[in-house]
Amino acid sequence: LVDMAYQGFASGDAEADNAALRLLVADGHPLLLAQSFAKNFGLYGERVGALSVVCEDAAEAARVSSQLKLIIRPMYSSPPIHGALLVAEVLNDPELSAQYYKECESMAARIKKMRTLLREKIEAEQSPHDWSHITDQIGMFAFTGMCPQAVAELTSDHAIFLTADGRISMAGINEDNVGYVASAMNKVTAERKLGAN
């Protein structure tokens with residue numbers, strides 16, 4: 001199973017972001033590909049995505065299709081179409097497609113810059129921790145290594161919201177709030193080990 005929820009936001013190049021997928025297919029691996037366009041197209045309410053299956057041959061494809069129809073039919077008779085039409089319109093129009101890919105590149109660059117700024121600002125706070133994992137990662141979210149207790153303090157004491165496992169949206173960090181976020185992260189982690197209570 002390959003999950004591609006943020007294609008284009010990792011490197012800024014949607015083609016580069018699917019290099020591993022292309023390698024798996026070229027090597028002859030059967031696979032399931034789950035793609036979402038909700039985030040990279042800003043279509044959160046539409047829940048736009050696709051499930052693609054790479055099979056060994058046409059007979060296997062027919063069997064898989066039959067099973068998928070059995071699973072899907074009780075869930076819905078007619079899936080929503082508006083978001084899918086928007087994605088198709090953009091990807092099938094050369095001018096819109098070029099604009100979309102340029103915007104993905106810009107978003108990826110902004111996220112990378114925010115990762116760098118966040119790490120620099122936390123280190124400037126004299127944090128006792130190594131925060132290199134923030135800049136070593138790619139994509140919209142960063143795993144901070146903060147424990148649930150540190151995350152809870154970050155939320156209750158500093159109004160910074162992230163998942164209980166310490167995953168923070170880098171898209172929500174900007175040049176105006178990165179210093180505040182870094183200072184707060186340092187305050188809630190200074191007396192703790194990352195990943196521990």
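Helices here are DSSP runs of H or I with at least four residues, numbered from the N terminus. What you're looking at is a predicted model, where local features need pLDDT of at least 70, side-chain atom pairs count only at pLDDT 80 or more, and totals for chains, interfaces and linings use all residues. Residues are numbered from 1 along each chain as its sequence is written, and side-chain values use heavy atoms, leaving out hydrogens and water.

Let's start with a pair of helices. The axes of α7 (residues 148-158) and α8 (residues 178-189) come within 9 Å and cross at roughly 130 degrees; these axes are lines fitted to C-alpha atoms over the stretch in contact, with angles from 0 to 180 degrees between N-to-C directions. The two helices are therefore oblique to each other, the label left for angles that aren't under 35 degrees (roughly parallel), over 145 (roughly antiparallel) or 65 to 115 (roughly perpendicular). On the α7 side, Ala-150, Glu-153, Leu-154 and His-158 make the contact, meeting Tyr-180, Ala-184, Met-185, Lys-187 and Val-188 of α8 (contact means heavy atoms within 4.5 Å).

Now for the interior. The largest nonpolar core has 34 residues, and Leu-154 and Met-185 are among those with the most contacts inside it. Such a core is a set of buried Ala, Val, Leu, Ile, Met, Phe, Trp, Tyr and Cys residues joined through side-chain atoms within 4.5 Å, buried being under 20% relative accessible area with a 1.4 Å probe, protein chains only. Helices α4 (82-92), α5 (94-124), α7 and α8 each supply at least two of its residues. The largest share, seven residues, comes from α5.

Methods. Buried < 20%, exposed > 50% of the residue type's maximum accessible area, 1.4 Å probe, protein only.
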